Amino acid sequence: TLILSIKRNKSKFMSLFPRLNTSKSIKKQQIGLSEDDSRYCLVHLQAEMPTVLWQEKPYSAELLCQQAVGNLKNFTIIRPIPHHYIWRKSLFLAKQANQDIIYRQIIQVLKQELPIALEEIYFDYLIEPITESDSVRIVIYALRKNFAQPLMLNTSTILDCELHCAQRALHFLYPESTENQYHFRGKTVQFKAHEPIFSDISQGLGVNDDPLYLTALGAALWS
């Protein structure tokens, strides 16, 4: 079933990736790996400080990771993916709804609203209580397998939304800032109820930061 291919993410940021042989007893070190048409950017945290490696294409992403850290067996690789590749949908259920009811509702929504079969996607979801309400918000995320599978470099690879990676990186780089708007790839992004709101105004954190570095750094900071 599809659930065998998804690791639940306990943070507020979602991940979608096949889980095959992961260990719950050992926390693996993490690599953030981003790319564009001409470059890779790899970030590996050592003593909580980022080590950065740039590589021009064409080049093997797997070889780049191996050169950076050696054996990948004990590493989790987090790869940012474009926001628009991830399908999202919110629904509301009573707080009393149990996991079986929630799961059945999610499957129903996916079958009704996606133009492809369930067997062709990975999906994940977030349950968020609504303050002063008897409801919970369920945010569903889905990603095509034919896009995800070529990005899997090892059995612990995680695919994360590039917008959340950039947000995470900017909070790391500017810890004193209270700014809640983020400049990324020519847009200003603000998150409301986990959904990004875009504007064309160039403002907020990140105006002068390389987006490839931001997404790799934020990926390495995934938790």
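Over which residues does pLDDT stay under 50, with 48 contacts beyond four places in sequence in the model? The points below begin with this matter and then turn to the salt bridges.

1. **Confidence at the start of the chain.** The structure is a predicted model. The stretch in question is residues 1-15, where pLDDT stays under 50 although the model has 48 contacts there beyond four places in sequence. Residues 17-25 also have pLDDT under 50 throughout, and for them the model has 21 such contacts.

2. **Confidence of the chain as a whole.** The mean pLDDT of the chain is 85. A value of 70 or more is reached by 87% of the residues.

3. **Salt bridges in total.** A search of the whole structure yields 9 salt bridges. Three of the pairs are discussed in the points that follow.

4. **Lys57 and Glu35.** The side chains of these two residues form a salt bridge, with an N to O distance of 2.5 Å. Lys57 is in the loop between β4 (49-56) and α1 (61-69), whereas Glu35 belongs to strand β2 (residues 29-35), so the pair ties together parts that lie 22 residues apart in sequence. Lys57 is partly exposed, at 26% relative accessibility. Glu35 is likewise partly exposed, with a relative accessible area of 32%. Neither residue counts as buried, because that class requires a value under 20%.

5. **Arg39 and Asp36.** A second salt bridge to note joins the side chains of Arg39 and Asp36, at 3.2 Å from N to O. Arg39 has 22% relative accessibility and is classed as partly exposed. Asp36 falls into the partly exposed class too, at 25%.

6. **Asp200 and Lys187.** In this salt bridge the closest N and O atoms are 2.4 Å apart. The pair links distant parts of the chain, 13 residues apart: Asp200 is in the loop between β12 (195-199) and α5 (211-220), and Lys187 is in strand β11 (residues 187-192). The two partners fall into separate accessibility classes. Asp200 is exposed, with a relative accessible area of 58%, while Lys187 is partly exposed at 34%. The cut-off that places Asp200 in the exposed class is a value over 50%.

7. **A shared network.** Salt bridges with partners in common join Glu35, Lys57 and Arg79 into one network. The pair of Lys57 and Glu35 described in point 4 is therefore to be read together with Arg79 when the student inspects the structure.

Methods:
Residues are numbered from 1 along each chain as its sequence is written. This is a predicted model: local features need pLDDT of at least 70, side-chain atom pairs count only at pLDDT 80 or more; totals for chains, interfaces and linings use all residues. Side-chain values use heavy atoms; hydrogens and water are left out. A salt bridge is a side-chain nitrogen of Lys or Arg within 4 Å of a carboxyl oxygen of Asp or Glu. Helices (H or I, at least four residues) and strands (E, at least two) are DSSP runs, numbered from the N terminus. Buried means under 20% relative accessible area, exposed over 50%, partly exposed in between (1.4 Å probe, protein chains only). pLDDT is the predictor's confidence in each residue, from 0 to 100. Contact means heavy atoms within 4.5 Å.
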